[in-house]
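Colleague: I've just opened this one and I'm new to it. Could you walk me through what we're looking at?

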Amino acid sequence: MNTSLSSRLAGYETWEGHDPFEDHAGPFFFRKNDDGTVTCAFEATPVHCNGGGFLHGGLLMTFADFSLFAFGRDILEGPSVTVSFAAEFTAAAGAGAFIEARGEVVRNTGSMVFLRGQVFTGKGADERILLNFSGIVKRVKKRPLEK
């Protein structure tokens, strides 16, 4: 784990260097909890915001997509791609917020994994769900050809 992380990210890890787009958009982090569930997180900064000062919708969707792979990490076992993604925005947040995602595997077939989750901020009575999402991840046999 990166030792320069804030205390809010203690216990989290990342796939830095694995996905250049996510590295650029994030950084995003995940941790496996004692009960086997996975929680993902990032610290919102001004570069994550749109012109109105709210977290950019594309950023939240990118974080949700990252989260799909973290939730399914133990069963994906190799290269995989998102083949379907759906999201509903339900609230907004801005820079300084600690953003988390929780979710689950809904179904695991031979080549497809169906998942769902929520992106949220705050704890207990102060929790706000920012995004509900679901997706289908397909296992692939090899990487695409480079040009």
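Colleague: How many helices and strands does the chain have?

Modeller: The chain has three helices and six strands, and I should say at once that this is a predicted model. Read from the N terminus on, the elements follow the order α-β-β-α-α-β-β-β-β.

Colleague: And how compact is the chain?

Modeller: Its radius of gyration is 15 Å, close to the 15 Å that the globule rule gives for 147 residues, so the chain is as compact as a globular protein of that length. Along the principal axes, the C-alpha atoms fill a box of roughly 40 × 35 × 30 Å.

Colleague: What share of the residues is buried?

Modeller: Of the 147 residues in the chain, 35% count as buried. The accessible surface comes to about 8600 Å², and 53% of that surface belongs to carbon and sulfur atoms.

Colleague: Okay, the inside then. Which residues have the most contacts within the largest nonpolar core?

Modeller: That core has 30 residues, and those with the most contacts inside it are Cys40, Phe42, Leu55, Phe63, Ile99 and Val119. The elements that each give two or more residues to it are β2 (38–43), α2 (57–71), β4 (98–108), β5 (112–121) and β6 (128–139).

Colleague: Which of them gives the most?

Modeller: That is α2, which gives nine residues to this core. Apart from this core lies another one, of five residues, among them Leu9, Tyr12, Phe29 and Ala41.

Colleague: Back to Phe42 for a second. What does Phe42 touch?

Modeller: Leaving aside residues up to four places away in sequence, Phe42 touches Pro27, Phe28, His48, Leu55, Leu59, Phe63, Ala97, Phe98 and Ile99. As for the chain in general, among contacts with a separation of 6 or more, 60% are between residues 24 or more positions apart.

Colleague: New topic, cysteines. How many disulfides are there?

Modeller: The structure holds zero disulfides. Cys40 is in no disulfide, and the nearest cysteine sulfur, that of Cys49, is 20 Å away. Cys49 is likewise in no disulfide, with the sulfur of Cys40 as the nearest cysteine sulfur, 20 Å away.

Colleague: Is Cys40 buried or exposed?

Modeller: Cys40 is buried, with a relative accessible area of 0%.

Colleague: And why does Cys49 count as buried?

Modeller: Cys49 has a relative accessibility of 18%, and it counts as buried because the cut-off for buried is under 20% relative accessible area.

Note on methods
Residues numbered from 1 in each chain as written. Predicted model: local features only at pLDDT ≥ 70, side-chain atom pairs only at ≥ 80, totals over all residues. Heavy atoms only, no water. Core = buried A, V, L, I, M, F, W, Y, C linked by side-chain atoms within 4.5 Å. Buried < 20%, exposed > 50% of the residue type's maximum accessible area, 1.4 Å probe, protein only. Helix = DSSP H or I, 4+ residues; strand = E, 2+ residues; numbered from the N terminus. Contact = heavy atoms within 4.5 Å. Disulfide = S-S within 2.5 Å. Rg over C-alpha atoms; globule rule 2.2 N^0.38 Å. Areas by Shrake-Rupley, 256 points an atom, 1.4 Å probe, with all protein chains shown as cover.
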